[in-house]
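Trainee: Could we go through this model together? I'd like to know how each label gets earned.
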Amino acid sequence: MLGLINKAVKVLTLWLSKDNTNLPPPGKPVLLTETERYDRNALLKLAHIHGSIFSASDVEGPMVCIVGLPLGRRFLKENAANLRPVTLDVSALFPKGFMRQMEGNTHKAYRKALKEAVSTLVIGDMTDVLVAISAVRLQSFAEENREESHTSHAYMSALSDIATGLLLRVFFGVKPDIEHYGRLMCLFKQLGPHGLVWNIGEPQVSAFNALRDELLKMAQAVTINSEATVPNCIFYNMVKQDTLDDTSLGNIIYMVEMGRYDMKGLFRWISKFAADTPSYLSRIAKSVESNDVDESGALTQAFVQETLRMDQSERLMREVKDDIEFEGFLIPKGWRARICLWEIHKNSSVFSQPFKFDPLRFLSSRPTSDEYSPFGLDNHQCPFAGIAMSLGGYFLQALASGYRVTPVNQGTSVRGGYHWEPAPNFSVVLASRHCSKSEVVN
Ligand code: HEM
């Protein structure tokens, strides 16, 4: 009898352990794109029901969602060989593809070269130009719209010009009064006229080739004339460090293309939160006016950090290349893995009143990388995190020191093509801080 019971216990234990390791995480095939569209907290609710690792699905098929930064980091590290980042396929444009999707030694080599070029960049030396690029375009938006309505289209177009202008300076050393600037600006607009184009077509091929040729001419001019003084920028750093080849050139073109979309999105959110917090904006304006660089730097960085906690940084996506066993669950080949960032940045035990925009929280304490990580978690972490933070700060400085910002159409945020965005018709009215009341726009 005892033998029979022991045998039954053994079978049951085996069955339970087998069950655990051979089954995907709990959850239902909820179509996340649709569910989230109506409820942005959907994944938080699912995690509450099923735990930090759960199954769901997306248009591409089944998906595992992981809510927790240390857990997500461990998942990415332990299973690096079986995971492939999901990003756009640019292999038709240049060899070895986009860095975001490179693997192994190829990824290591190109990322190292890029980091070298970035580390020799002195962003502090271009502060005035970067603030001016934002200020000039904000001014033209404010003036253009004196008579017209403040359309979201006009504001988005201004933000896109600012994002592109800033990245053209940082990457290629050109600024509005310099040859090549207008041409590069125009070619980037052809590459992605209304935002990032996911499926590369003929217009992208021809704009990409023209950009590449223009940049190669610039590189050649530097190589021929070794005495030439070249601007402090990523492109010329790569030329000087001899790391520019077809792949790295193609990559920096596409980094700017994707980066200008990311930065435009960030600037839209910054504008929305700026319109919501006029007193904080006045504080920035005062610190800039009194030339208190430390105070304005701290205030703008806290504001950008809080913007990224609230929005724009959302998730990391990976394709599962082979079956993975993680925390006792099976994550089958062909699934997608989503490491949730937006959700984890709403943890109330780390961020009090997590749905409230409050940049002061970043002035009084600094979360750890296990609590806050808007730029990723693994060896594909954003190599431009510092630059993106600085550019966000310069844009905010220009906005706050130049204008009082009033929101237009504060509707609910929507899930855009790649990210969550403010309401589609959200815009701003910019009233100069420096002109008399009668001159105020509107
Ligand atoms: C709003 C600002 C930005 C945010 C929130 C952001 C966020 C991120 C995140 C989360 C990753 C990791 C992706 C993953 O692991 O799947 C990443 C990677 C990357 N980001 Fe950013 N990014 C921003 C701006 C930029 C800009 C301005 C550029 C370049 C112009 C850039 C270039 C890259 C590149 C090249 C990678 C991939 C690196 C690699 O695979 O080794 N990012 N970014």
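**Sheet, helices and ligand shell**

Mentor: Sure. Keep in mind that the model is predicted. Its open sheet has six strands in the order 1-2-3-8-5-4, with mixed pairing.

Trainee: What makes strand 1 and strand 4 edge strands?

Mentor: Strand 1 (27–31) and strand 4 (83–85) each have a single partner strand, so one side of each has no neighbour in the sheet. From one strand to the next, the twist averages 35°.

Trainee: How do you know which strands count as paired with strand 8?

Mentor: Two strands pair if there are at least two bridges between them. Strand 5 (residues 315–320) and strand 8 (residues 336–340) have five, in the antiparallel sense, and strand 3 and strand 8 also have five, in the parallel sense. Both pairs therefore pass that cut-off of at least two bridges. As for partners, leucine 316 bridges to isoleucine 339 in strand 8, while valine 67 stands opposite cysteine 340.

Trainee: Why is strand 8 called mostly covered?

Mentor: A residue is buried if 20 or more other C-beta atoms lie within 10 Å of its own. In strand 8, five of five residues are buried. Arg336, Arg338 and Cys340 point one way, Ala337 and Ile339 the other way. In a regular strand, side chains alternate between the two faces of the sheet.

Trainee: Which helix lies across strand 3, strand 4 and strand 8?

Mentor: That's helix 4 (residues 69–78), running at about 125° to strand 3.

Trainee: And why is asparagine 209 called exposed?

Mentor: The cut-off for exposed is 12 or fewer other C-beta atoms within 10 Å. Asparagine 209 has 12, so it counts as exposed. You'll find asparagine 209 in helix 9 (residues 202–224).

Trainee: What makes helix 11 largely enclosed?

Mentor: Of the 31 residues in helix 11, 26 are buried, so the rest of the structure largely encloses it.

Trainee: How do you know how the span of helix 11 sits against the expected value?

Mentor: Helix 11 reaches 45 Å from its first C-alpha to its last, close to the 45 Å expected at 1.5 Å a residue.

Trainee: Which helix gives the most to the shell around the ligand?

Mentor: Helix 11 (residues 246–276), with six residues. The shell has 24 residues, and Gly259, Gly376, His380, Cys382 and Phe384 come nearest the ligand.

Trainee: How does the shell divide by residue type?

Mentor: Into 15 nonpolar, six polar and three charged residues. Glycine counts as polar here, so Gly259 and Gly376 fall in the polar group.

Methods
Residues are numbered from 1 along each chain as its sequence is written. This is a predicted model: local features need pLDDT of at least 70, side-chain atom pairs count only at pLDDT 80 or more; totals for chains, interfaces and linings use all residues. A residue is near a molecule or strand if its C-beta atom, placed from the backbone, lies within 6 Å of it. Helices (H or I, at least four residues) and strands (E, at least two) are DSSP runs, numbered from the N terminus. Axes are lines fitted to C-alpha atoms, for helices over the stretch in contact, and angles run from 0 to 180 degrees between N-to-C directions. Two residues are in contact if their C-beta atoms, placed from the backbone, lie within 7 Å. The expected span of a helix is 1.5 Å times one less than its number of residues.
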